[in-house]
Amino acid sequence: MENDLIDNKNLAQLADHMLKNKLTLAVAESCTAGLIQNVISQADNAMGFFQGGITAYNSAQKAIHLQVNPIAAEACNAVSKEIAEQMALAVASGFNAELGAAITGYARKVPEEGIDSCFAYIAIAAHGKVVLSKKITGKSGEDLAENQKIYTKKMLDYLYSVVRKG
């Protein structure tokens with residue numbers, strides 16, 4: 001499926017739109033562990049729009065690098081709509097990008113913490129404002145890597161949808 005991600009029509013269209021409109025993008029990831037950045041970096045002419053990103057896998061790193069409120073993060077294991085929004089705004093600002101995309105969640109079940117389903121929150125910020133924020137789901141029967149791919153595809157689709165609308 002990783003080749004499917006790189007060959008994704010929306011990735012090519014996202015890249016074209018970003019370049020034509022002189023927009024830049026930065027990404028903050030947690031549960032996808034850098035996969036979104038990896039895929040975006042493989043788009044044609046990615047250097048013309050992709051500023052880079054950060055993978056912050058735990059609450060402390062999200063607080064340090066993405067200005068996530070540490071008390072709020074601790075209360076929800078840094079997995080919430082608000083945390084994703086803070087991450088998207090901070091990564092855009094920190095990387096001097098017009099667009100910031102962020103994801104935080106669970107790409108596998110964590111029974112010892114009462115997490116019995118796979119879900120994540122994504123947020124996209126444009127020009128200093130959150131323009132998309134939502135919960136997405138994976139497949140509880142799939143392994144970690146497969147859910148990371150599912151989340152990455154969904155993020156690419158939502159990113160393209162946002163930039164297409166302007």
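Cysteines and aromatic contacts in a predicted model

Colleague: Is C76 buried or exposed, or in between, and what is its relative accessible area?

Modeller: In this predicted model, C76 counts as partly exposed, since residues under 20% are buried and those over 50% are exposed. The relative accessible area of C76 is 25%.

Colleague: How many disulfides are found in the whole structure?

Modeller: A disulfide needs two cysteine sulfur atoms within 2.5 Å. The sulfur of C76 has its closest cysteine sulfur in C31, at 13 Å, which is too far for a bond. For C118, which is buried at 2% relative accessible area, the closest cysteine sulfur is also that of C31, and at 9.6 Å it is too far for a bond. The search of the whole structure accordingly returns a disulfide count of zero.

Colleague: Which strands does the aromatic pair of Y106 and F119 tie together?

Modeller: The rings of Y106 and F119 meet edge-to-face, with 5.4 Å between centres and 65 degrees between planes. Their positions are 13 residues apart in sequence, so the pair ties together separate parts of the chain, namely strand β3 (residues 99–106) with Y106 and strand β4 (residues 119–126) with F119. The strands asked for are β3 and β4.

Colleague: Which residues form one aromatic cluster?

Modeller: Y106 is buried at 9% relative accessible area, and F119 is buried at 14%. F119 also pairs edge-to-face with Y121, at 6.1 Å centre to centre and 85 degrees between the planes. The cluster consists of Y106, F119 and Y121.

Colleague: Which residue lies over the face of F119?

Modeller: A charge counts as sitting over a ring if NZ of Lys or CZ of Arg is within 6 Å of the ring centre and within 35 degrees of the ring normal. At 4.5 Å from the ring centre of F119, the residue over its face is K135.

Key:
Residues numbered from 1 in each chain as written. Predicted model: local features only at pLDDT ≥ 70, side-chain atom pairs only at ≥ 80, totals over all residues. Heavy atoms only, no water. Buried < 20%, exposed > 50% of the residue type's maximum accessible area, 1.4 Å probe, protein only. Phe/Tyr/Trp six-rings, centres within 6.5 Å; stacked < 30°, edge-to-face > 60°. Helix = DSSP H or I, 4+ residues; strand = E, 2+ residues; numbered from the N terminus.
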